[in-house]
Amino acid sequence: MSILKTLIFPLTKEKSKSITEEIFISEKKEETIENVLDPSNLDDIYPFSFEEFPSHIESGTNYIRVLTIVDYANQEGNWLGELKRKKGNITIVQHLSAADDSKMVQHYNNTIKNKEVEMERTLDPFTKKELLKQIESAHIQLDKYLNSQTTYLYQHTYVFLQAQSLSELDTLTDNITRTLTKLRLRSLTPTKGMYQAFWSALPLGQNLLKSFTSRLSNTEAASSFFPFDDAEILDLSPMSQVEGINKETDSVIAVNYLDRKRVLNQHMVVIGTSGVGKSTYMVQKIIRNFAMGTKQFIIDPENEYTRIVKQLGGEVIHLSSNAKTKINPLEINSAEIIDNEDVTSSVTMEDLIKEKIQRLKGFFQVLKPDITQVEKAIMDKVLRDTYMDLGIYEYHSIKDIPSDRFPILSDVYHQMERLQEKDPDRFIKVKDLYFILESYVYGSNSLF
């Protein structure tokens, strides 16, 4: 290893000569690199080196232990999440190599034949059930192979642990061993074979403990070891919102809700016991959305957010049977009720009213859960006549319609009264809905 260090500073001829002589004399005296450099820095610049002990390896300030997995559980799906999210410097290393499929097929074929013979010989109910499960499992493996759903391979697994002290490494080992036992993975510390385990766990493609870690499995079982899960939710961008800390990894949780490709929906549930900070969290979220210019509608039955909404210049609307503000389910608020974006720009008033009537049928189904298709069909005409009588069809845009020009529930109720006079047969079929609507128009259900 050679080290080159360049010094640049102005020198006179006398000084230059004396320094040159001094360096020349120094080079003769210093024969080893330890006499030239500070020994405390040698570990930082020397090539990689380590010292082997029976149950661990020391490399500089790193204490390393590699566990070998010698027995596996029969699991499907990604079931190693608990191990992968453990705190500490932990790496799961696997070696996979192809196996002879014909030997595996022969193995399962012989298993079925031998276990069936054992079934005939034994009278013990428990043993019979065990044999039956083994036969069933072998049949499943053969079916998967014959249907080209799986192939077979040799699987070798190592767990690489690293810490800053031997006591810390022992604590980490005990913690990981308990987790492996819980996951039904049997691990061993390869005493006096740590060197081979260490090199097998490095990304060098060497597997020096094949015979101790080998497991013959199908591709489905082997795939369950791959870390396809991800406990991290960290999408840092100017529009991201920091939601808190990941309990498992202590990492920041950040979500960009405007990125539709990564955030498939905007649903969220905030759960916690009383006093843990749910309302405080929601107030912070309201403020963040306000700062980002996001329009917010808050349904607040317990009146928790009135103060912050007023401080941000929002409008607070109190809704109850006694309140002056009412909800008009018949008002058309936006042309966006048409789902097809391609036709939104050319939508007519008739299209908007048709779409609104379809949604109003759902509203009437809330008022009368057992509403029939016949009742819906009759109400379709009642609603069209209501909009027509108030001249809504004559407008070209909903922006031109004053909010007090839209029909309200009492208009629908009176339209049903006229139906009673003009077409009694139809009225009889919607009579129950007529009486229900009366309680919303003149009764105590005056929210609408």
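**Strand S3 and the largest pocket**

In strand S6 of this predicted model, Arg186 is the bridge partner of Asp71, and that pairing offers a convenient way into the sheet around strand S3. S3 and S6, the latter covering residues 186–188, run antiparallel and are joined by three bridges.

S3 also pairs with strand S5 (residues 152–163), and here six bridges hold the two together in an antiparallel arrangement; within this pairing, Thr68 stands opposite Tyr158 of S5. A further antiparallel partner is strand S2, made up of residues 57–59, which is joined to S3 by three bridges. Ser59 has Asn62 in S3 as its bridge partner, and in the hairpin that S2 and S3 form, with two residues between the strands, Gly60 adopts a positive phi near 65 degrees.

How S3 sits in the structure can be read from its exposure. Seven of the ten residues in S3, which spans residues 62–71, are buried, and the strand is therefore largely enclosed by the rest of the structure.

Turning from the strands to empty space, the reader may look for the largest pocket, whose volume is about 910 Å³. Its lining consists of 25 residues, and those lying nearest the centre of the pocket are Phe297, Ile298, Glu315, Val316 and Ile317. Two helices, H11 (278–291) and H12 (306–311), each contribute at least two residues to this lining. By character, the lining of the largest pocket comprises 13 nonpolar residues, eight polar ones and four that are charged.

Technical notes. Residues numbered from 1 in each chain as written. Predicted model: local features only at pLDDT ≥ 70, side-chain atom pairs only at ≥ 80, totals over all residues. Heavy atoms only, no water. Buried < 20%, exposed > 50% of the residue type's maximum accessible area, 1.4 Å probe, protein only. Helix = DSSP H or I, 4+ residues; strand = E, 2+ residues; numbered from the N terminus. Pairing = 2+ DSSP bridges. 1 Å grid on protein atoms, 1.4 Å probe; cavity = no way out; pocket = protein on both sides within 12 Å on 5 of 7 lines; lining within 4 Å. Points joined across faces, edges and corners; volume = space filled by probe spheres on them. Nonpolar A, V, L, I, M, F, W, Y, C, P; charged D, E, K, R; others polar.
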